[in-house]
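Walk through the aromatic side chains of this structure. Start with how they group, then look at single pairs and at the charges beside them.

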Amino acid sequence: MRWENLTEGPTGPAALFGAGAVVTRTIDTPEFRGITFHEVRARSIVNRVPGASRMPFEWTVNPYRGCSHACVYCFARKTHSYLDLDTGLGFDSQIVVKTNAPELLRRELAAPRWTGAHIAMGTNVDCYQRAEGRYRLMPGIIEALRDRANPFSILTKGTLILRDLPLLREAAEVTEVGISVSVGFTDTALWRTVEPGTPSPAARLNAVRTLTDAGIECGVLMAPVIPFLGDSPAQLRATVRAVAESGATSVTPLVLHLRPGAREWFTAWLGEHHPHLVERYERMYAGGSYAPTWYQRTITRQVHELAAEFGIGPARRGAARGIARPERPDGPASAGATQLTLL
């Protein structure tokens with residue numbers, strides 16, 4: 001790893017960190033065993049999303065790089081190579097922590113040039129991964145956004161978000177707050193191998209229930225739907241039903257996509273755990289990072305039909321608690337909704 005390429009010096013203003021700002025720590029406790037933290041003093045924290053991105057937002061805040069969730073499909077793996085870090089096991093265990101994120105955010109939000117645009121969090125790596133339990137960066141970040149009444153959203157697989165529920169409620173009183181929890185499937189065997197560092201799908205859906213019961217609207221990003229492993233009609237039905245029972249305000253399906261960096265790691269995992277599927281994946285993703293349009297549309301239609309059946313969807317906000325009703329809603333929920341690319 002060549003940190004000197006990323007600190008002040010020859011690279012000038014484009015440097016990511018201040019000179020001498022990287023402190024590496026290894027913490028020998030059960031919850032962090034095998035994980036190395038690289039504590040840095042970042043030079044900026046509010047990042048503009050590249051114009052060519054499919055993301056439906058323009059600005060992000062990412063207090064961490066790398067993620068102990070260790071999801072084998074994570075598209076952000078490639079970003080670790082920018083730091084001369086390994087995109088496989090290194091991405092899972094070498095975590096960059098921007099320790100000055102809260103104070104830096106306060107400064108950037110107060111700058112005259114900042115116009116109060118929506119800020120998305122958790123769209124690169126999870127801001128509620130295990131490292132957050134140690135570094136507690138999110139309370140300061142939420143406080144900064146609350147104090148400026150700046151709209152924001154959080155996407156997470158981490159149940160640690162419940163720790164910050166009082167702050168989220170305070171922020172929601174003064175600005176728009178969007179919370180989404182990612183649950184692509186409820187199959188526990190699949191979860192243990194493909195998302196080994198995350199809370200279980202059931203635990204995440206319990207977090208959705210807690211958030212909605214507290215008055216914080218929470219949607220579920222059903223992501224990723226994994227071809228041939230998590231896309232059977234029975235699996236889709238079980239997941240959508242569980243999402244509806246959690247009280248989620250909406251469910252949005254996203255099919256697995258495999259960008260460079262993630263693709264190699266996922267393919268290696270597939271060869272070890274499901275070698276009979278390697279050829280099928282090669283054919284399905286022969287055209288690039290995304291599954292064929294016909295497949296994405298099929299999954300989206302099936303999930304929206306199930307969502308309508310169970311009384312949940314973008315067009316029926318808050319209707320999830322009607323799952324026990326025997327009657328079906330009048331029509332499908334947002335059948336023509338555009339699929340977002342967040343994961």
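One aromatic cluster is made up of Phe228, Phe266, Trp269, Tyr281 and Tyr285. The model is a predicted one.

Take two cluster members, Phe266 and Tyr281. Their ring centres are 5.4 Å apart. Their planes meet at 50°, between the cut-offs of 30 and 60 degrees, so the pair is tilted. Phe266 belongs to helix α10 (residues 262-273), while Tyr281 belongs to helix α11 (residues 278-284). The pair therefore ties together parts 15 residues apart in sequence. Is each ring buried or exposed? Phe266 has 0% relative accessibility, so Phe266 counts as buried. Tyr281 is buried as well, at 5% relative accessible area.

A charge also meets this cluster. Phe228 is one of the cluster's members, and the charged end of Arg280 sits over the Phe228 ring, 3.9 Å from its centre.

Now turn to a pair of tryptophans. In total, the model has eight aromatic pairs. One of them joins Trp59 and Trp114, with ring centres 5.3 Å apart. Their planes stand at 80°, which is over 60 degrees, so this pair is edge-to-face. Trp59 sits in strand β4 (residues 59-61). Trp114 sits in the loop between α3 (101-110) and β7 (119-121). The two are 55 residues apart, so the pair links distant parts of the chain. Trp59 has a relative accessible area of 16%, under the 20% limit, and is therefore buried. Trp114 is also buried, at 16% relative accessibility.

One more charge remains. Arg134 lies over the face of Tyr135, 5.3 Å from the ring centre.

Terms used
Residues numbered from 1 in each chain as written. Predicted model: local features only at pLDDT ≥ 70, side-chain atom pairs only at ≥ 80, totals over all residues. Heavy atoms only, no water. Phe/Tyr/Trp six-rings, centres within 6.5 Å; stacked < 30°, edge-to-face > 60°. Helix = DSSP H or I, 4+ residues; strand = E, 2+ residues; numbered from the N terminus. Buried < 20%, exposed > 50% of the residue type's maximum accessible area, 1.4 Å probe, protein only. Lys NZ or Arg CZ within 6 Å of the ring centre and 35° of its normal.
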